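Reader: I'm new to this one. Can you walk me through how to read its features, one at a time?

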Amino acid sequence: MSRALRAPVASFLVRPRVLSSTIIASHSYVTRPFSHHVSRFQQAKKSSEAPQEQQHKKKKTNVEIEQRTQLQQGIDNVRTKSQKVSQQMRENIKYAIPVKENIYTIPNILTFSRLLMSPLIGYLIVKGDIWWPFWLFTMSSVTDFVDGYIARKYNMKSILGSIIDPMADKFLMVICTACLAQSGGMPLYLAAIILGRDIMLGISAIYYRYISLPPPKTLLRYWDFSIPSAQVYPTTISKYNTGFQMLYIAAAVVKPVLLTVIDSSFISTVDTAFDLFGYLVATTTILSGLGYLFSKDAVKILTPTKK
């Protein structure tokens with residue numbers, strides 16, 4: 001066979017081989033099991049859905065974390081509020097059940113003795129007695145010094161003592177002022193100033209006792225001085241005024257005794273000095289009353305009131 005005829009025949013013989021390999025490959029793909037194609041489809045689907053599923057899981061995790069954070073914050077807020085409420089309840093119980101103090105101390109007994117002596121001194125002054133008021137007033141002054149010394153030396157201070165000690169002094173001065181004015185031993189204008197200031201302070205004491213007394217506010221508890229509710233801090237001018245008043249009243253009590261033992265030529269001098277001292281007492285009494293009215297530190301409430 002010639003070369004011209006051989007080339008087409010060769011190409012024809014080769015092409016069936018290529019075609020047969022293609023057919024065989026197609027046949028092998030068709031003849032594979034159905035489960036193989038399903039698994040490949042599922043793998044392809046999973047590979048395409050994997051990023052979306054991961055993103056969804058991430059979002060779900062973030063939401064769960066946020067919810068847990070909010071829940072923890074809510075628990076912390078409830079715990080904080082419950083602690084505040086329990087603390088407030090403990091404070092209310094603390095103030096509702098006041099602590100009582102021992103009032104049966106030697107300083108307080110001496111102070112009560114001064115309270116009992118005051119009416120007797122006033123009665124003797126009105127009767128015109130000279131020596132008995134002098135001795136009893138001297139005894140009262142001595143006990144005033146002794147009870148303060150014992151309270152400081154042996155640590156027997158008490159809230160009741162801080163109240164009744166100045167009260168006893170004031171009670172003695174009020175009774176002596178009224179009785180001396182009635183018997184002519186003190187000018188009426190000075191007695192009016194002293195008593196007017198004391199009446200004002202007495203009304204203030206009643207008011208502060210009522211607003212500072214922890215509940216329940218009953219009449220029995222109001223007069224139970226073993227339940228402290230307020231403490232009085234005298235102003236500086238009030239301390240001077242108290243001293244001047246006590247000296248003046250002591251001088252008024254001693255004056256009748258003094259006039260019986262001194263020479264008659266000194267009587268006018270004693271009267272002049274007594275009058276000048278009375279002007280000083282009147283001035284300090286007025287300033288003391290104004291100091292109590294405008295001072296913010298004169299009274300301290302021990303049990304805070306609810307606003």
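Author: Sure, let's start with charged pairs. A salt bridge here is a side-chain nitrogen of Lys or Arg within 4 Å of a carboxyl oxygen of Asp or Glu. Keep in mind that this is a predicted model.

Reader: By this rule, how many salt bridges does the count come to?

Author: The idea behind them is simple: side chains of opposite charge can pair when their charged atoms come close. In this model the rule gives 8 salt bridges.

Reader: Which residue forms a salt bridge with Asp 169?

Author: That's Arg 114, with the closest N and O atoms 2.8 Å apart. Arg 114 lies in helix 3 and Asp 169 in helix 5, so this pair ties together parts that are 55 residues apart in sequence. Both residues are buried. Arg 114 also forms a salt bridge with Asp 165, where the closest N and O atoms are 3.2 Å apart. This second pair again joins helix 3 (residues 106-127) to helix 5 (residues 159-183), so parts 51 residues apart in sequence are tied together.

Reader: Is Asp 165 buried or partly exposed?

Author: Its relative accessible area is 22%, so Asp 165 counts as partly exposed. For Arg 114 the value is 1%, so that residue counts as buried.

Reader: Where do Lys 170 and Asp 198 sit?

Author: Their side chains meet in a salt bridge, 3.2 Å from N to O. Lys 170 is in helix 5 and Asp 198 in helix 6 (residues 188-212), so to speak two distant parts of the chain, 28 residues apart, linked by the pair. Both Lys 170 and Asp 198 are buried. As for networks, salt bridges with shared partners join Arg 114, Asp 144, Asp 147, Asp 165 and Asp 169 into one.

Reader: OK, next topic: the nonpolar core. Which element gives the largest share of it?

Author: First the general idea: in soluble globular proteins, nonpolar side chains tend to be buried together. The largest nonpolar core here has 25 residues, and those touching the most other members include Ile 125, Phe 137 and Leu 180. Helices 3, 4, 5, 6, 8 and 9 each give two or more residues to this core. Helix 5 gives the largest share, 7 residues. Leaving out residues up to four places away in sequence, Leu 180 touches Ile 125, Gly 185, Met 186, Ile 249 and Ala 252.

Reader: And which residues form a nonpolar patch on the surface?

Author: Ile 286, Leu 287, Leu 290, Leu 293 and Phe 294 do, with about 520 Å² of accessible area together. Ile 286 belongs to helix 9 (residues 267-294), and its 44% relative accessibility makes Ile 286 partly exposed.

Notes
Residues are numbered from 1 along each chain as its sequence is written. This is a predicted model: local features need pLDDT of at least 70, side-chain atom pairs count only at pLDDT 80 or more; totals for chains, interfaces and linings use all residues. Side-chain values use heavy atoms; hydrogens and water are left out. Patches are made of residues with over 30% relative accessible area and no salt bridge: like charges are joined within 9 Å, nonpolar side chains (Val, Leu, Ile, Met, Phe, Trp, Tyr) within 5 Å. Accessible areas come from the Shrake-Rupley method with a 1.4 Å probe; for residues, only the protein chains shown count as cover. Helices (H or I, at least four residues) and strands (E, at least two) are DSSP runs, numbered from the N terminus. Buried means under 20% relative accessible area, exposed over 50%, partly exposed in between (1.4 Å probe, protein chains only). A nonpolar core is a set of buried Ala, Val, Leu, Ile, Met, Phe, Trp, Tyr and Cys residues joined through side-chain atoms within 4.5 Å. Contact means heavy atoms within 4.5 Å.
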